[in-house]
Structures are given as structure tokens and as C-alpha cells.
Amino acid sequence: MSGQFGLLKEKRFGPLFGTQFLGAFNDNLYKNALVVLLTFQAAQWTSIAPELLGNLAAGIFILPFFLFSATAGQLADKYDKAALARFSKLLEILIMGIAAVGFALHSLAWLLAALFLLGLQSTQFGPVKYAILPQHLHADELVGGNALIEAGTFVSILIGTLAGGLLAGSVAQPMWIAIGGLAVAVLGYLYSRGIPKAPPPAPELRINWNPLSETWRSINFARGNRSVFLSILGASWFWLYGALFLAQFPAYTKNVLGGGETMVTLLLAIFTVGIGVGSLLCERMSGKHVEIGLVPFGSIGLTLFGIDLYFASPVGLVGTTAHELTALLSLPAVWRVLFDLLMLGMFGGFFIVPLYALVQSRSEPAHRARIIAANNILNALFMVVGALGAAAALGAGLSIPALFGIAALLNALVAVYIYGLVPEFLLRFVAWLLVKAVYRLRCEGVEHIPLNGPVLLVANHVSFADAVILMGASPRPIRFVMDHRIFRTPLLGFVFRHCGAIPIAPAKEDPALMEKAFAEVAAALADGQLVGIFPEGNITADGELQPFRPGVARILAANPVPVVPMALSGLWGSFFSRIDGVAMKTPFRRGMFSAIGLKVGAPLDAAAATPERLFESVLALRGERR
């Protein structure tokens, strides 16, 4: 994980991280301090019931996300994002001044206005912080950068929430809340001055100030790419799911665990640490590229540990007074609850970080900020719907543990629905499991695979699992050309059909299928896709590289695209390789968990990529000579 932490020292990331961290801290410091103040001193400020004030404050803070996210996305596409970040922090300083006036005048209206403006400031900064990452980070840093942003945000939310509650309960004069917020805002502005310039992708854009029509337009931009839009829906579901759990912690502590405020803080801290750890582990588990195979892995954990929290929730702990923290921690049942929350947070990190990285990497640059604005709108909408649904369920008599269990089951249904619509998520999960769990894959030169544009991948054919392994190593989806018999195998065939594989047959066996395959390859390359072929034509029968067939020359004649040679090693004699010939004498001599290798060569120009030259390139990558 040292690689992603190294980004904190880089000027192109460190100032942005500090700006975001302090902004999230300040939002939660002021919001929670205000809620605590109004809860315990409501009579001094208003006649409105404390319970209503808490919900009113939450609604006022989130309202700007619905009203102004679309406008914020336009601004981030039209203007320099670094300048917008500095403007955002100047606005935060002004807002803290308004809060100070509210405390000085003892005016609830001014304090709620400041809260609304803080929501507006967060709305304006939201598209900036995510849309700027692909501009300042390399492709292999995008996952690590998102992981740090997500982990830092949750930690800052936790610290800000705790600081706000302590500040509201310990200072004699509420004015200190505004003074503390003002100091944090000034520090955030100083950090923002270090953010490098980020030129706008659409400076000619004309701003549409109508929030309704522009919101719909932003959502349509997101819908233009199916995987991006469903990733946004997945991220929105995560925020609904996570917010539902977080909102119940106080009542769960009081009515199920029989604890007090300290126990609430511990639950929040454990959940937050879990998200931070899971987010930071994403870079190592994904091999520094956008690995959406982690998303199904995350959803499995969110479901399993959500269900286990239902079963783990103890019965009979609630007494007439709150239990001390030390007393609760002496109970094994409480430790099981804490473990479930830690795992929920960790798998939540596995789930959300790749989704955000995918949205950033696959969004059209000219529309990226507006697509992220659409994401923010849908995130807020899902959280509100989730809160209303949870309130209705609890009001109807459902217990909090049962609510957790039902939410976990719904999470499984949502996951199945999304992966059914976009099988790429599930396919990448299968590929990720194979290269991470079944084998130990060592990759060299994967950076030679271009991140955009049409490319032909050429690899040696060692086993039935070659295509899945290459899918797991590649930063982009690959459409493989493969023997029609492998394409029709029960398990692997299902995988390949859903990842757009192109079946082919020899001309003597099925000339029509062969011509159809070449036509599909040409169409895929013309569409800018990544196509993979095994020019030997068959899986090797003896572990040696076989002569390359002329099909590659025909493909390049019709589509002169860059060609990337690749060499797999270590799979011969494994469970997935053929067992005739040499392997029949010593079947399965390599174990399922053995090390395998992949070497990727530099791209070759189409004119130079003759079958003979490609054969020599793959042979050289294997460390052999003809």
C-alpha cells in the first residue's frame, strides 16, 4: 500500500486530499454541533421539538444536492477545477462567518441558513474532487487515489462528528463552534492553493441555470454509457445501505445492546475504520488498475455480514440504565457485532472504490463532471428514500436487527439484478478469483496495453483458462476469438458468451462461422475495442509454442491496429491444460495454487506484425529462441 500513500506527498494529489479532508471534517463538525446544541438546549433557541429539529437539519443540509448538483457539474466542466476548489473554500470561510453571526444574534434562522450554505458548498465541490482525479493521476494511480479520498472522507466524517459533539457539550459559548469552523475553513483554503491547474474540458459550455432540465440532462449523460450508469446506481445503493446502518447506531446501541453514547461512538469508529481499510486494500487487490471484479466480492460481504449482524444481535441486554463500555466488551456477543460492523465497512470499501474509479475512467471527459453531478443527485435521492423506508418499517414495528437483515437480503437482490444487466462485473469477479485465489499471477509489462483505442492482443495458448486469466490481468475488457468448441463448454462457455467472445471454426469445418468471426473482429476493432486471439489455433499439446496461423494477417489487413504480443507461462500441466501427449505421462504436475506468469511486450505497428514476427516476439517473451 506504500504506492498509494506516496500520492499524499505529490503536489498533484496531496493538496486536494487535504482540502477534501478538512471540508468533510468541517461539514460534520458544524452539523453535529448544531444538532447536539439544538437537542439539549432547544428551549433557548426555538419551540420546535428536538426530534423535528434533527430531521430538519439533515434535510436542509442535503437539499442543495438536489437543487444545485447539475449546475455544479456544468461549472466543473466549464472552468478550471483548481480555481473552483479555491472558490469553494472561500465560500466556506464566508459561511462560517454567517454561522458566527447566528450564534451572536442567537438566531436559529441564521444558523440553519449557514447549514444550507454548507450543503451548497459541498454540492459545488463534489464534482470537482472526483472529476479532477483522472486529470492529475495516472491510470494505475486512479484506484489508489480514490481509495485515499474515500478512506479520508469517512475518517474526517467520524472525527468531525465527534469533535462537533464534544465542542457543543463542553464550551460555555456556542460562538466557539463558529470560530473552530472558521479556523478549519481557512486551513482548507491554504491547502486548496496548492492544487495544480486542471484545464476545463468544455470551456465553450453555456450554463443552463434551470436545475430541473439540467438534472435530467446530466442523468442522460450518465445513461449514455450502460456500465457507468449502473455503476452510479450501485454506488447510490451503497450510500442507501451504509446510511441506513449508520442512522440506526444510536437506537441500536440503546435498545439492543443497552449501551450509552460511548458505545455509539465505538460502533461508528469500527464501521469507519472498516471502510478505510477496505478502501486502502483495493489498490493491492486490484493490481493498481480499475478492477470491477472487486464489486461482486464487496456485495457478497455486505450481504453475508449484514445477515450475520441480524443473528449476532443479542437479546436481553437492555436494562434500566446504560451499561458501561467495559461491561459490554466483556461479552462475546458484542465482539461478534463489532466484527460484523468491521467487515461490513471493509467490504463496503471493496464495493465503492472500484465503482467510483470506473465512473471516472469510462466517462466522456467533456461530460465527466456533469456525470459525477448526476451520481451525487442519485446518491442523495437513494439516501432519502432509504431513510424514509427505514422510518416506515421501524414505525410499523420492525426491529432494528430485522431491518439490518432485510436490508442485507435486498442487497443480494440488487446485486443479482445489476450483474444480470452488466455481466462484466461478474465475469471480472470470476477472472479475479482465478488469478488471485486459484493461481499466483506475476505480471510484467501490462502497462503496454493501451488504455484507449482498438488493439489486437496476441498470446500463446496453454490452457482452457488462458482467456479468463488474461481478462483478469487486463485493465480493459477483452473480446476473445476462440474455438467454437471451447465457446460451447458448459461453465467457461457461459463466461465467454457473456463477455462478448467471438467463436470461430476452421474453414473446412464451418466456413460460414469463420467468415462471421472475421466480420465481428473487424466490427469490434472499428468500434475501438480490445480483441484477443490465440494464433496457434489450438491449445498446445506438448507445452511448446506452435506456428502462428495466417488469420492474424487477415485481421490486420482489414484493420491496421497496434498489436500487443503476450506470453503466458506456468500453466502447462495444470488442471486446465491438456493432459494428452507429454502431460499424460505426468498428469497435473503443477498444483492449482502454483505461480504463473504473464509477460506483455511493447505494441507493434500493424505493418510489422507479421505472423512470423509475432511468433518471434512471443517466443522472446517466454525467454526462448527458435
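Me: Where do F61 and F65 lie, and how many residues apart are they?

Reply: In this predicted model, both sit in helix 3, which covers residues 50-78. They are four residues apart, about one turn of the helix.

Me: What makes the pair of F61 and F65 tilted?

Reply: Start with the distance. The ring centres are 6.3 Å apart, and rings pair if their centres lie within 6.5 Å. Now the planes: they stand at 55°. Planes under 30 degrees apart would count as stacked and over 60 as edge-to-face, with the rest tilted. An angle of 55° falls in the rest, so this pair is tilted. By this rule the model has 20 aromatic pairs.

Me: Why are helix 4 and helix 5 called roughly antiparallel?

Reply: Helix 4 (residues 81-105) packs against helix 5 (residues 108-131) at an angle of about 170°, and their axes are 9 Å apart. Anything over 145 degrees counts as roughly antiparallel, so helix 4 and helix 5 earn that label. Their crossing is left-handed.

Me: Which classes of residue make up the contact of helix 4 with helix 5?

Reply: There are 19 nonpolar residues, four polar ones and three charged ones.

Me: What is helix 10 to helix 14, roughly parallel or roughly antiparallel?

Reply: Roughly antiparallel. Their axes cross at roughly 155° and come within 9 Å. The cut-off is 145 degrees, and the angle is over it, so the label fits. This crossing, too, has a hand: helix 10 and helix 14 cross left-handed.

Me: Why is the pair of helix 11 and helix 14 called oblique?

Reply: Helix 11 (residues 261-286) and helix 14 (residues 332-362) have axes that cross at roughly 40° and come within 6 Å. Roughly parallel needs an angle under 35 degrees, and roughly perpendicular runs from 65 to 115. An angle of roughly 40° fits neither, so these two helices are oblique to each other. Helix 11 passes helix 14 in a right-handed crossing. Sorted by class, their contact has 20 nonpolar and five polar residues, with no charged ones.

Me: How many cavities of 30 Å³ or more are there?

Reply: Two. The largest has a volume of about 70 Å³, and the second largest holds about 40 Å³ of space.

Me: Which residues are closest to the centre of the largest cavity?

Reply: G234, V295, F351, I418 and Y419, out of 13 lining residues. Helix 10 (226-257), helix 12 (294-312), helix 14 and helix 16 (400-421) each give two or more residues to this lining. Helix 16 gives the most, with five.

Me: Which classes of residue are in the lining of the largest cavity?

Reply: Ten are nonpolar, three are polar and none is charged. G234 is among the residues closest to the centre, and Gly counts as polar.

Me: What lines the second largest cavity?

Reply: H461, S463, F464, D466, A467, M482, I486, F496 and F534 do. By class that makes six nonpolar, two polar and one charged.

Me: How do you know that one residue in that lining is charged?

Reply: Check the list for Asp, Glu, Lys or Arg, which count as charged. D466 is in the lining, and Asp is on the charged list, so D466 fits the count of one.

Terms used:
Residues numbered from 1 in each chain as written. Predicted model: local features only at pLDDT ≥ 70, side-chain atom pairs only at ≥ 80, totals over all residues. Heavy atoms only, no water. Axes fitted to C-alpha atoms, helices over the stretch in contact; angles between N-to-C directions. Left-handed = near helix turned anticlockwise from the far one by under 90°. 1 Å grid on protein atoms, 1.4 Å probe; cavity = no way out; pocket = protein on both sides within 12 Å on 5 of 7 lines; lining within 4 Å. Points joined across faces, edges and corners; volume = space filled by probe spheres on them. Phe/Tyr/Trp six-rings, centres within 6.5 Å; stacked < 30°, edge-to-face > 60°.
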